[in-house]
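Work through the exercises below with the structure open. Try each task before reading its solution.

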Amino acid sequence: NVALSGTRNGLPLSSYLSYEEFLRTRLFDGDTVRFVSDSSSPVIDISVEGSHLGNSYFAVKKGSRLQEVMDYISVDPDDADIGNIYIKRKSVAVDQKRNIDESLRRLERSVLTAPASSDGEATIRVKESELILKFVQRASKVQPEGKVVVSDRGKVANIRLEDGDIIVIPQKSDVITISGEVNVPQAVVYAGNA
């Protein structure tokens, strides 16, 4: 179907036409045409990133599961870390962004409404508020990837896939990165006995 909107004789026009009706319709300057599929597709699109061989795009039957699709993805077993694959999912990224924004609003509200019992404490709270508001401003720009962890100790869950999912197959590595609350952040070579 086709959603058509525009202006006719100075009045707004909005109509919803079948494709056949649309072919017989005259368009005018400024019209907006949007093609709409009113039936859901029996096929979903899946992408593959990371350490794999061959295709990086698959059109699969709706309702397909991860293990079914993995059977069609070629990998080099010496290079691909199949036990640690994960999925990037748009719907999860939207949920993650909403959760981040809600947490930032709560943080902002708690800082801005905290009472002060003295002038000295009030001065400290003002400085603290400025720092936290700068943090909130930077943190609100974060765009989550929508990572879904599907493996636990090398066992991969057979999750149902959604349209637009990206299966990420990490490359095997002998390097471990140490960071966070440590004195010396560094990268070291993996040692099984360490």
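The burial of one aromatic residue is a good place to start: Phe35 has a relative accessible area of 55%. The model is a predicted one.

**Exercise 1. Classify the aromatic pair formed by Phe22 and Phe35, and state whether each ring residue is buried or exposed.**

Solution.
- Step 1. A pair of aromatic rings is described by the distance of the centres and the angle of the planes.
- Step 2. For Phe22 and Phe35, the centres are 5.6 Å apart and the planes make an angle of 85°. Ring centres have to lie within 6.5 Å to pair, and planes over 60 degrees apart count as edge-to-face. The pair is therefore edge-to-face.
- Step 3. Locate the partners. Phe22 belongs to helix α1 (residues 19-23) and Phe35 to strand β3 (residues 32-35), so the pair links distant parts of the chain, 13 residues apart.
- Step 4. Buried means under 20% relative accessible area, and exposed means over 50%. Phe22, at 12%, is buried, whereas Phe35, at 55%, is exposed.
- Step 5. The structure holds one aromatic pair, and it is the pair of Phe22 and Phe35.

**Exercise 2. Describe the open sheet of five strands: which strands are at its edges, and how do β4 and β5 run?**

Solution.
- Step 1. Write down the order, which is β5-β4-β10-β6-β7; the pairing is mixed.
- Step 2. Look for strands that pair on one side only. These are β5 (57-61) and β7 (147-149), the edge strands.
- Step 3. From one strand to the next, the twist averages 30°.
- Step 4. Strand β4 (residues 43-50) and β5 are antiparallel, and five bridges join them. Across this pairing, Ser47 stands opposite Tyr57 in β5.

**Exercise 3. Ser51 lies in the loop between β4 and β5. Is Ser51 buried or exposed, and which side chain does its own side chain meet in a polar contact?**

Solution.
- Step 1. The relative accessibility of Ser51 is 8%. Because the cut-off for buried is under 20%, Ser51 counts as buried.
- Step 2. The polar contact is with the side chain of Asp79, at 2.9 Å.
- Step 3. List the contacts beyond four places in sequence: Ser51 is in contact with Val75, Asp79, Ala80, Ile169, Pro170 and Gln171.

**Exercise 4. Compare two loop residues, Arg89 and Glu162. How is each classed by accessible area, and which polar contact does each side chain make?**

Solution.
- Step 1. Place them. Arg89 is in the loop between β6 (86-88) and α3 (90-112); Glu162 is in the loop between β9 (155-156) and β10 (166-169).
- Step 2. Arg89 has a relative accessible area of 8% and is buried. Glu162 has 33% and is partly exposed.
- Step 3. The side chain of Arg89 makes a polar contact of 2.7 Å with that of Asp165. A polar contact of 3.1 Å joins the side chains of Glu162 and Ser91.
- Step 4. Check whether the two residues touch. Beyond four places in sequence, the residues touched by Arg89 include Glu162, along with Glu145 and Asp165. Seen from the other side, Glu162 is in contact with Ile44, Asp45, Ile46, Arg89 and Ser91.

**Exercise 5. Over which ring does the charged end of Lys147 sit?**

Solution.
- Step 1. The ring is that of Tyr86, and the charged end of Lys147 is 4.7 Å from its centre.
- Step 2. The distance part of the criterion is within 6 Å of the ring centre, and the value for Lys147 and Tyr86 is 4.7 Å.

Technical notes. Residues are numbered from 1 along each chain as its sequence is written. This is a predicted model: local features need pLDDT of at least 70, side-chain atom pairs count only at pLDDT 80 or more; totals for chains, interfaces and linings use all residues. Side-chain values use heavy atoms; hydrogens and water are left out. Rings of Phe, Tyr and Trp (its six-membered ring) pair if their centres lie within 6.5 Å; planes under 30 degrees apart count as stacked, over 60 as edge-to-face and the rest as tilted. Helices (H or I, at least four residues) and strands (E, at least two) are DSSP runs, numbered from the N terminus. Buried means under 20% relative accessible area, exposed over 50%, partly exposed in between (1.4 Å probe, protein chains only). A charge sits over a ring if NZ of Lys or CZ of Arg is within 6 Å of the ring centre and within 35 degrees of the ring normal. Contact means heavy atoms within 4.5 Å. A polar contact is a pair of N or O atoms within 3.5 Å; within protein, one must be able to donate a hydrogen and the other to accept it, and residues adjacent in sequence count only if both atoms are side-chain atoms. Two strands pair if DSSP finds at least two bridges between them. Axes are lines fitted to C-alpha atoms, for helices over the stretch in contact, and angles run from 0 to 180 degrees between N-to-C directions.
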